[in-house]
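Good morning, and thank you for coming. I would like to take you through one structure and stay with what the coordinates show.

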Amino acid sequence: MLQRVLLSFGAVVVAAALLVLIPLGLARDPEICVDDPQTFPKAGIAGWSGEQLENAATIVRTASALGLGHDGQVLGVMTAMGENSLHNIDYGDWETRGFTNPDGSRTTSIGLFQQQEWWGSVEERMDPATAATKFFERLVRLPDWQQMEPSHAIHRVQINTDRDYYARFEADATAVVDALSGTCTAGRA
């Protein structure tokens, strides 16, 4: 009789454990793969979603291909967040705010990084990977950029009016880069 009670009690404990552990195992966050936009959360990451995450993924992949690690990736994403909320737009500061260059000429900034015509052709500046490459090539030419405040390093590349402007995007950019930096399973990468 005692043996039956112990066996019944053991079966109840095992069943209860399975009822708790199986749903917890299934409730894991789905894997995010930087190369597969279909894996990006519909709800977004830190308030950024859809096309914005696709553009961030392009920046992360480009930085990685150029040998830049996490810090460089974050700076690239911070920049595009600050320039135009991670949207690849064909207009810029002149059209939106009437800003001019220091010499008084009209700005010609476009694309993810709001690069002016001296950065390259319209096609180059409107291609997210090429625009990111141009940004990173200038960033790595800055002596000791890794030791600078992130916003100050970006400011030195972008040549904007406020060297602290990009700081407000650091936490979001870090969250996005961290989420996109996971490893993908073999079939999707």
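I begin with a single residue, Glu83, which counts as buried at 15% relative accessibility. This is a predicted model, and that should be kept in mind throughout. Glu83 belongs to helix α3. What does Glu83 contact, once its neighbours within four places in sequence are left aside? The partners are Leu112, Phe113, Gln114, Gln158 and Tyr166. With one of these there is a specific side-chain pairing: the side chains of Glu83 and Gln158 are joined by a polar contact of 3.2 Å. Glu83 can also be related to Gly111, which is 28 residues away along the chain, with 8.9 Å between the two C-alpha atoms.

Let me now place this residue in the overall fold. The protein contains 8 helices and 0 strands, and its pattern along the sequence reads α-α-α-α-α-α-α-α. Of the 189 residues in the protein, 39% are buried. The exposed surface comes to about 11,000 Å², and carbon and sulfur atoms supply 56% of it. As for contacts with a separation of 6 or more, 54% of them join residues 24 or more positions apart.

Before going further, a word on confidence. The average pLDDT of the protein is 84, and 74% of the residues score at least 70. Where is confidence lowest, and where is it highest? The lowest mean, 52, is in α1, and the highest, 98, is in α6. Over residues 20–28 the pLDDT falls below 50, and this stretch has 1 contact in the model beyond near neighbours in sequence. Where pLDDT is low, the predicted coordinates should not be read in detail.

I turn next to the interior. The largest nonpolar core has 38 residues, and those with the most contacts inside it are Ile59, Val77, Met81, Phe136, Leu139, Val176 and Leu180. At least two residues of this core come from each of α2, α3 (70–84), α6 (128–140), α7 and α8. Val176 serves as an example: not counting residues up to four places away in sequence, Val176 touches Ile45, Trp48, Leu53, Ala56, Val77 and Met81.

Helix α2 deserves a closer look. Its 15 residues should span 21 Å at 1.5 Å a residue, and the end C-alpha atoms are indeed 21 Å apart, so the expected and modelled spans agree. The buried residues of α2 are Gln52, Leu53, Asn55, Ala56, Ala57, Thr58, Ile59, Val60, Thr62 and Ala63. These buried residues pack against α3, α6 and α8. After α2 comes Gly67, with a positive phi near 90°.

One polar residue of this helix is worth following. Is Asn55, a residue of helix α2, buried or exposed? Its relative accessibility is 8%, so Asn55 counts as buried. Not counting residues up to four places away in sequence, Asn55 touches Leu86, His87, Asn88, Leu112 and Pro128. Leu112 thus appears among the contacts of Asn55 and also among those of Glu83.

The other helix I wish to discuss is α7. It is largely enclosed by the rest of the structure, because 8 of its 9 residues are buried. Those residues are Pro150, Ser151, His152, Ala153, Ile154, His155, Val157 and Gln158. Gln158, at the end of that list, is the partner of Glu83 in the polar contact described earlier. The cover over the buried residues of α7 includes α3, α6 and α8.

Finally, the backbone. Most residues other than glycine have a negative phi. Which residue follows α7, and what is the sign of its phi? That residue is Ile159, whose phi is positive, near 55°. Ile159 lies in the loop between α7 (150–158) and α8 (170–180). With a relative accessible area of 65%, Ile159 is exposed.

A further case is Ala46, a residue other than glycine whose phi is positive, near 55°. Ala46 is found in the loop between α1 (2–26) and α2 (51–65). At 41% relative accessibility, Ala46 counts as partly exposed.

To close, I return to the starting point: Glu83 is a buried residue of helix α3, and its side chain makes a polar contact with that of Gln158. Thank you; I would be glad to take questions.

Technical notes:
Residues numbered from 1 in each chain as written. Predicted model: local features only at pLDDT ≥ 70, side-chain atom pairs only at ≥ 80, totals over all residues. Heavy atoms only, no water. Helix = DSSP H or I, 4+ residues; strand = E, 2+ residues; numbered from the N terminus. Buried < 20%, exposed > 50% of the residue type's maximum accessible area, 1.4 Å probe, protein only. Contact = heavy atoms within 4.5 Å. Areas by Shrake-Rupley, 256 points an atom, 1.4 Å probe, with all protein chains shown as cover. Core = buried A, V, L, I, M, F, W, Y, C linked by side-chain atoms within 4.5 Å. Expected span 1.5 Å × (residues − 1). Polar contact = N/O pair within 3.5 Å; in protein donor to acceptor, adjacent residues only side chain to side chain. pLDDT = per-residue confidence, 0-100.
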